[in-house]
Amino acid sequence: MTVRLVDPSVAEFRPEGHAMPSFFVWTLGCQMNQSDSEEMAGQLLSAGCARASAMEVADLIVINTCAVREHAEAKVIGRQGQLAELKRARPGLRVVLAGCGVRESERAGLRKRFPAVDLFLRPDEEPELALRLGLVSAQAPIGLRTAATAATTVVSGRPVSAADHLAPNRATALAEGRVARSSTLSAWLPIVYGCDKTCTYCIVPFARGPERSRPFDDIVAEARVIATAGYQELTLLGQNVNSYGHDLPAEKRFGHIDTERSSGRKLDLHGRPDLAELLRSIDGIHGADGRPAIPRLRFITSHPWDLSDRLIESMAECPSVCEHLHLPIQSGDDEILQRMGRQYTVEHYRERLSRIREAVPGIAVSTDVIVGFCGESDAQFEATLRILEEVRFDTVFAAAYSPRPGTPALRMADDVSPAVKRRRLNELLARQESIGLELNRDWLGREAEVLVERITPPRRRSVEEDGGPEDPALRVPSLYGSAGEGSVALAGRTRHNKLVHLAGDPSLVGRPVTVRVEYAGPFALRGRVVAPTA
Ligand code: SAM
Ligand code: SF4
Ligand code: F3S
């Protein structure tokens, strides 16, 4: 039986007997969006559609939007003219807009802002994509046919729907090929959807709804599938992975878990699974050699508020958990943190960090910072510069504050001028560049395990790709020395998440190699392979 849930706006999209459309997915935003796009592409592929090589030749364009800053939304609004032109040239073309740009509270205005779009899907509606387009036939995998049979429900006043129907069944979805992973090396694994925090500047809770943790056993089952498929790296995903499990029912088998939240809203965490337990269980999936079947385990993003001692202990004790933590600080000033609704002080952040550095010596730490938040004075900005000097983050992702619709910060005056925001951002980035360089220089002469991810093209396409401006010394081929006939420029990451350029045989892609670091730039290292496989 074909499930009839076709959206009226696209009802004529695939008249019976026509070939299945080709599709192109354009993904903006964070890892969660990348993971969601893999699910949407998987749905379309398992419905029988094929990938198009470019937007210009696709029958269906899916845009997975980000709304975290105005600039991210402007990028998509700026493409409406081009999309309208494509549609004029090819009237059969359909455009779907999904992701954080589709918020229920603003649905009425979406058509005006995005006139070239035919169908809008909130992040939690994305599992309905193939169904709503009328692309699901009776022959499709069962999961695809049942993905959206339950109605939207309201949780904490916010609508939540089909994501929760795919979520518990992702292991089945993987088995049925409904998740088209873009890498054969690294896999994303969402563990908690939405966000319950109330950071006053942030649109994410409005776009992605309240926190919904996936059942513990489903996540571990999915990790097993990923391990069996030979993935070398697994990243657990959530806006706030540290609060995983608080909304799941208490169970006897988790009776030993009794984490007390050290700050913020108190929650009864007794007997509920947490991230520490997940890390231990996934780390405990062993291969034939008795070692963790997935050698590298990561998680993102952590919130300082929920970083428990149990989590720190599990990071220290699980061999597969990488020596890297992304822990957004946002500001180095308590008053600004309070205005941001971050629920911790700089001192709390310091304490958590020293605890983790004690437990995992040499751990690399990255962070997010917002400059020019409402009312931020020069002195408060300087406090942020000081915390950068004090903590010495390996990487800082910094952005100027961008007011977002519907967020509580809109009630505060956005009183730092664009010029001052820009100046502060540049100053911070320059300061961080020298810190990053000094930290990277500590690696000179040392050996590190690099998981080779890709052959690097002769010229980098984007500065953002590697997290920083190009350092020409990293890419001068003669500097690769006697890497051997047939060797190409490769790039990969260490367990500390350092980007490393190296030269070697293309067959090294997908393998861990031991590299001696010979050059350090502020954003990346260059190394020489000393052993083919670590
Ligand atoms: N959940 C994570 C956390 O707690 O930090 C991060 C999620 S958010 C998608 C990623 C980063 O975007 C944030 O850490 C923050 O630095 C930045 N961000 C969010 N809202 C912003 C805004 N309105 N203006 C500028 N940057 C923003
Ligand atoms: Fe946004 Fe704060 Fe939630 Fe992160 S924790 S997604 S910054 S509200
Ligand atoms: Fe953007 Fe949504 Fe991620 S707003 S950063 S795509 S959670």
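This tour moves through a predicted model, going from two ligands to two groups of strands.

**Ligand 1**

Begin by selecting ligand 1 together with the 16 residues that surround it, the closest of which are Tyr201, Gln239, Gln330, Asp368 and Ser402. Sorted by class, this shell is made up of 7 nonpolar, 5 polar and 4 charged residues. If you then colour domain 2 (183-322) and domain 3 (334-340 + 358-442), you can follow how both give residues to the shell, so ligand 1 lies between them.

Next, turn to the individual atom pairs around this ligand. An oxygen atom of ligand 1 sits 2.6 Å from an N or O atom in the side chain of Asp368, while a nitrogen atom of ligand 1 is 2.7 Å from a polar backbone atom of Gln239. At Ser402 the partner is again a polar backbone atom, and a nitrogen atom of ligand 1 lies 2.8 Å from it. Taken alone, ligand 1 exposes 560 Å², and 89% of that is buried by the protein.

**Ligand 2**

Now select ligand 2 and the residues around it, which are Cys195, Lys197, Cys199, Tyr201, Cys202, Val204, Pro205, Gln239, His303 and Arg342. This shell divides into 6 nonpolar, 2 polar and 2 charged residues. Tyr201 and Gln239 deserve a second look here, since they are listed around ligand 2 and also among the closest residues to ligand 1.

**The sheet of five strands**

Leaving the ligands, display the open sheet of 5 strands, whose order is S2-S1-S3-S4-S5 and whose pairing is parallel. At its edges stand strand S2 (50-51) and strand S5 (119-121), each with a single partner strand, so one side of each is left without a neighbour in the sheet. Within this sheet, select strand S1 (residues 22-27) and strand S3 (residues 60-65), which run parallel and are joined by 5 bridges; there you can find Trp26 standing opposite Ile63 in S3.

**Strands S18, S19 and S20**

Finally, select strand S20 (residues 525-531) along with strand S18 (residues 499-504), which pair in the parallel sense over 2 bridges. Strand S19 (residues 512-520) also pairs with S20, in this case in the antiparallel sense and over 6 bridges, and S19 and S20 form a hairpin with 4 residues between them. Which residues should you pick out beside Arg526 in S20? His501 has Arg526 as its bridge partner, and Tyr519 stands opposite Arg526 as well.

How values were computed:
Residues are numbered from 1 along each chain as its sequence is written. Chains are lettered from A and ligands numbered from 1 in the order in which they are written. This is a predicted model: local features need pLDDT of at least 70, side-chain atom pairs count only at pLDDT 80 or more; totals for chains, interfaces and linings use all residues. Side-chain values use heavy atoms; hydrogens and water are left out. A residue is near a molecule or strand if one of its heavy atoms lies within 4 Å of it. Ala, Val, Leu, Ile, Met, Phe, Trp, Tyr, Cys and Pro count as nonpolar, Asp, Glu, Lys and Arg as charged, and the others, Gly among them, as polar. A polar contact is a pair of N or O atoms within 3.5 Å; within protein, one must be able to donate a hydrogen and the other to accept it, and residues adjacent in sequence count only if both atoms are side-chain atoms. Accessible areas come from the Shrake-Rupley method with a 1.4 Å probe; for residues, only the protein chains shown count as cover. Domain bounds come from an automatic or database domain assignment. Two strands pair if DSSP finds at least two bridges between them.
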